[in-house]
Amino acid sequence: MAASHATVGSRSNRAVLLTVTCLGQFMVLLDNTIVGAALPDMQHRLHTELTGLQWIVDAYVLLVAMLLLSGGVFADRFGRKRVYLTGVAVFTAASLLCSLAPSLGWLVAGRVLQGIGAAALSPASLALLAAAYPVPQERIKAIGLWAGLSGIGLAAGPVAGGVLTQAFGWPAIFLVNLPIGVVLLLIGLRHLGESRNPSAPAIDIPGTVLSVLAVGVLTYGLIEGGARGWTSPVILGSFAAAVILLAAFIAVEARRSAPMLPLRLFGQRLFTVSNTAMVVVGLALMGSSFFFSQFFVYVQGSSILRAGLQTLPVSLAMVIVSPYAGRLAARYGFRTVVTTGLALAGLGLLTLGMVHADTGYGNVWWRLGLVGIGFALAMSPLTGAAIQAVSPQESGLASGISSTTRQIGAVLGVAVLGAIVRTRQSGGTSFESGLNYAFLAAGAVTSATAVFTGLWLTRSEPAEGSAAPRRSTDSGVITASNKASVNSR
């Protein structure tokens, strides 16, 4: 695909661009994990139930999931600098709204706006970087730095969230974005060069709207079902509406010349299997992470600060292991690394399903570490497999779809595991017992997916020595951030 690149002058200009894009992605990734540490304080101060906490998380993830692909197209068509800085401005303003939110409704509204900003900021940051480094080897190194430095946000989130919440209360976790956003806007307006792709496809507005509505209505049914009753007309109606909207989305995408989601790609078994597994990765990882701090605070009686530190093994393991996952896939093959990763993650979640109020932390941290290591091993090769299944011209789209499927899984994970906990509690069991069932369910699904993926990738994984190793390595670098969407070409 032809692209127009901004002329990048001195090495210092590139350094500024790399700093700005890394800092923007860092802010988004920090928000991924910093909120989890503050959930117990939010529940206390906002006087909300588990359902409210689910909406605080899913309102953000839902918009990111559904708008990532469109965000990349917007950046290519209307200017990567313009879309990036618009995303930064929206994200920063939304963070201020979240910090000032007087009620749950206002906070959820702020989280929706944050999701919109992140969906513009994230792919545009990578598109800016790709445009500034047209030489493939230089681009790979730049993206490696982008993923590694911004990925620190994942590990910093739980600690920063615990410290800020303990000292100032939950609004502080959103205020931390304000100085970062202001600095990015001031530097970006002055130093970033504009670039765009004049041959980028048209924006698929009907597909985008239908996808947001379909997943949104389904999420509503899953989150509210425990409170309103699974057989209530509103909940049954929401599930029926989700099916109708999904069918309409598929029909629209099948007829469009430039669809947001080309359905023909799913004719490739490798593409379908890798994206199916990625949904499970998002579901199990985000769904279980949603409860980690709540387990330590409500079940084991930890302070919010201590709980933030106690959840660190997951994100730390992911930051450390992710950069190596693509290289391992290049050496040992997609199937071996993916199935090993999913099996380790499944084992970690199953063992977490057996922890109790009196389980010492020395017998808990390694289970969290297993979860982080396992999912880190699986994610990059799964994206690499999706990229390898399509033509080189569609590699950016394939990686964007992989990120989107993971985010959809994350939306459903918070909703489904939350529904399990709430249903168990309504049946008279304790919160601790509900968590055990949720972790066991996530572990069982992940373990089953390890078996499924191993069987299906036996015949369809790329052959050793093909283009797959380098492509998977590149993808491993890109997706190490656990939030990147590759929509640039």
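## Starting out in the open: Gly428

Gly428 is exposed, with a relative accessible area of 64%. You'll find Gly428 in the loop that links helix H15 (395–426) to H16. Keep in mind as you look around that this is a predicted model.

Try picking out Leu210 as well. Gly428 and Leu210 sit 218 residues apart in the sequence, and their C-alpha atoms are 38 Å apart in space.

## The whole chain

Now zoom out. How many helices and strands does the protein chain have? The count is 17 helices and zero strands. The radius of gyration is 21 Å, close to the 23 Å that the globule rule gives for 489 residues, so the chain is as compact as a globular protein of that length. If you follow the C-alpha trace along its principal axes, it spans about 60 × 50 × 45 Å.

What share of the 489 residues is buried? Buried residues make up 58% of them. On the outside, the chain exposes about 18100 Å², and carbon and sulfur atoms supply 68% of that area. Contacts tell you how the chain folds back on itself: of those with a separation of 6 or more, 84% are between residues 24 or more positions apart.

## H10, a helix with a kink

Helix H10 covers residues 269–299, which makes 31 residues. At 1.5 Å a residue H10 should span 45 Å, and its end C-alpha atoms are 43 Å apart, so the two values agree. H10 does have a kink of about 30°, though, and Ser293 is at its centre.

Is H10 mostly covered or mostly open? Mostly covered: 24 of its 31 residues are buried. Just past the end of H10 comes Gly301, with a positive phi of about 75°.

## H13 and its buried residues

Helix H13 runs over residues 334–352, 19 residues in total. From its first C-alpha to its last it reaches 27 Å, close to the 27 Å expected at 1.5 Å a residue. Plenty of names turn up among the buried residues of H13, including Phe334, Val338, Thr339, Leu342, Ala345 and Leu349.

Here's a handy bit of background for reading a list like that. An α-helix has 3.6 residues a turn, so residues three or four places apart point the same way.

## Where H16 comes alongside H13

Which residues does Gly454 touch, once you skip those up to four places away in sequence? They are Arg335 and Thr339. Gly454 itself lies in helix H16 (residues 431–460). Gly454 is buried, with a relative accessible area of 13%, which puts it under the 20% cut-off. Gly454 and Phe334 are 120 residues apart in sequence, yet they are 9.3 Å apart from C-alpha to C-alpha.

Val451 is also in helix H16, but Val451 is exposed, with a relative accessible area of 52%. Exposed means over 50%, so Val451 makes the cut. In space, 8.1 Å separates the C-alpha atoms of Val451 and Ala343, which are 108 residues apart along the chain.

## Two loop residues worth a click

Thr359 belongs to the loop between H13 and helix H14 (365–388). Is Thr359 buried or exposed? Thr359 is buried, with a relative accessible area of 14%. A polar atom of the Thr359 side chain lies 2.8 Å from the backbone nitrogen of His356. Setting aside neighbours within four places in sequence, Thr359 is in contact with Gln300 and Val364.

His47 gives you a contrasting case. The loop between helix H1 (11–45) and helix H2 (50–78) is where His47 sits, and there it is exposed, with a relative accessible area of 71%. The backbone is worth a look too. Most residues other than glycine have a negative phi. His47 is not a glycine, but it has a positive phi of about 55°.

How values were computed
Residues are numbered from 1 along each chain as its sequence is written. This is a predicted model: local features need pLDDT of at least 70, side-chain atom pairs count only at pLDDT 80 or more; totals for chains, interfaces and linings use all residues. Side-chain values use heavy atoms; hydrogens and water are left out. Helices (H or I, at least four residues) and strands (E, at least two) are DSSP runs, numbered from the N terminus. The expected span of a helix is 1.5 Å times one less than its number of residues. Buried means under 20% relative accessible area, exposed over 50%, partly exposed in between (1.4 Å probe, protein chains only). The bend at a residue is the angle between axes fitted to the seven residues ending there and the seven starting there. The radius of gyration is taken over C-alpha atoms; the globule rule is 2.2 Å times the number of residues to the power 0.38. Contact means heavy atoms within 4.5 Å. Accessible areas come from the Shrake-Rupley method with a 1.4 Å probe; for residues, only the protein chains shown count as cover. A polar contact is a pair of N or O atoms within 3.5 Å; within protein, one must be able to donate a hydrogen and the other to accept it, and residues adjacent in sequence count only if both atoms are side-chain atoms.
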